[in-house]
Amino acid sequence: MLRPDDAQVVLPGGAAVPAGIPDEIFAAAVDTFVDRERLLDELLWWRARRLLVDQVRASEELAGTERLTAVIGGVLRAIARDRPLRAFLRSDPETALRLLTGARSTVHLGMASALEKLIDLERGRGCFDASLDTPTLAYAIVRISEGFLYADPIADRTPDTDRATTLIEGLLTGLDRRSAPV
């Protein structure tokens, strides 16, 4: 006695391309689905880079903790006011959070890398001397920023960039050996 294919029993329609959709259109839709996240990831990073450039340029007269806080706070405020980004977070919070805060997301990695470079720039100029290594400090600042900035979908709280900036400024000041009491 022949035993039926288990897949045929479980899914009688099989996994073929839907009969009512031409193969080339279905293939294009599959590609679009796969490319969508990659495109969104790059688009979000492009927008973030523009904000970073603006804030780094706007803070050129500042130094050390004051500059780091100004850049971070400025970026956070700009992101908080970004209506298209806020709409994306409301309409598809899981995808948005994955693309903005995921460990392998271009935005998360790019922000951490840019912050590392800014911290090292201020260290190299003798304006900042943290008692913590740069990668760890940048990672902590980015994660604090994300927690306060995306608090609505993460923790059902109101985003609060001012508190994030205050917390980050306190962290930077506390770690800067140049500002430690003698």
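This report describes three helix packings and two pockets in a predicted model.

## Helix H2 against helix H3

Helix H2 spans residues 23-58 and helix H3 spans residues 64-80; their axes come within 9 Å and cross at roughly 140 degrees. An angle over 145 degrees would count as roughly antiparallel, so at roughly 140 degrees H2 is oblique to H3. The crossing of H2 past H3 is right-handed.

On the H2 side, the contact is made by Leu-51, Leu-52, Gln-55 and Val-56. H3 contributes Arg-67, Ala-70, Val-71, Gly-74, Val-75, Ala-78 and Ile-79. Sorted by class, the residues of this contact are 8 nonpolar, 2 polar and 1 charged.

## Helix H2 against helix H5

H2 also packs against H5, with axes that come within 10 Å and cross at roughly 55 degrees. That angle makes H2 oblique to H5. Here too H2 passes its partner, H5, in a right-handed crossing.

The H2 residues in this contact are Arg-36, Glu-37, Leu-40, Asp-41 and Leu-44. They meet Thr-95, Arg-98, Leu-99 and Leu-100 of H5. The contact of H2 with H5 holds 4 nonpolar, 1 polar and 4 charged residues, whereas the contact of H2 with H3 holds 8 nonpolar, 2 polar and 1 charged.

## Helix H4 against helix H5

Helix H4 covers residues 83-91 and packs on H5 at an angle of about 125 degrees, with the two axes 5 Å apart. H4 and H5 are therefore oblique to each other.

From H4, the residues that take part are Leu-85, Phe-88, Leu-89, Arg-90 and Ser-91. Their partners in H5 are Pro-93, Thr-95, Ala-96, Leu-97, Leu-99 and Leu-100. By class, the contact of H4 with H5 comprises 8 nonpolar, 2 polar and 1 charged residues. Thr-95, Leu-99 and Leu-100 of H5 meet H4, and these three residues also meet H2.

## The largest pocket

The largest pocket has a volume of about 450 Å³. It is lined by 28 residues, and the closest to its centre are Leu-52, Val-75, Ile-79, Met-111 and Val-142. Leu-52 of H2 and Val-75 and Ile-79 of H3 also belong to the contact between those two helices.

At least two lining residues come from each of H2, H3, helix H6 (106-124) and helix H7 (134-149). H6 gives the largest share, with 8 residues. The lining of the largest pocket consists of 22 nonpolar, 2 polar and 4 charged residues.

## The second largest pocket

The second largest pocket encloses about 160 Å³ of space. Its lining is made up of Glu-37, Arg-38, Asp-41, Arg-98, Leu-99, Gly-102, Ala-103, Arg-104 and Ser-105. H2 and helix H5 (93-101) each supply at least two of these residues, and the largest share, 3 residues, comes from H2.

By class, the lining of the second largest pocket has 2 nonpolar, 2 polar and 5 charged residues; the lining of the largest pocket has 22 nonpolar, 2 polar and 4 charged. Glu-37, Asp-41, Arg-98 and Leu-99 appear in the lining of the second largest pocket and also in the contact of H2 with H5.

Conventions:
Residues numbered from 1 in each chain as written. Predicted model: local features only at pLDDT ≥ 70, side-chain atom pairs only at ≥ 80, totals over all residues. Heavy atoms only, no water. Axes fitted to C-alpha atoms, helices over the stretch in contact; angles between N-to-C directions. Helix = DSSP H or I, 4+ residues; strand = E, 2+ residues; numbered from the N terminus. Parallel < 35°, antiparallel > 145°, perpendicular 65-115°, else oblique. Left-handed = near helix turned anticlockwise from the far one by under 90°. Contact = heavy atoms within 4.5 Å. Nonpolar A, V, L, I, M, F, W, Y, C, P; charged D, E, K, R; others polar. 1 Å grid on protein atoms, 1.4 Å probe; cavity = no way out; pocket = protein on both sides within 12 Å on 5 of 7 lines; lining within 4 Å. Points joined across faces, edges and corners; volume = space filled by probe spheres on them.
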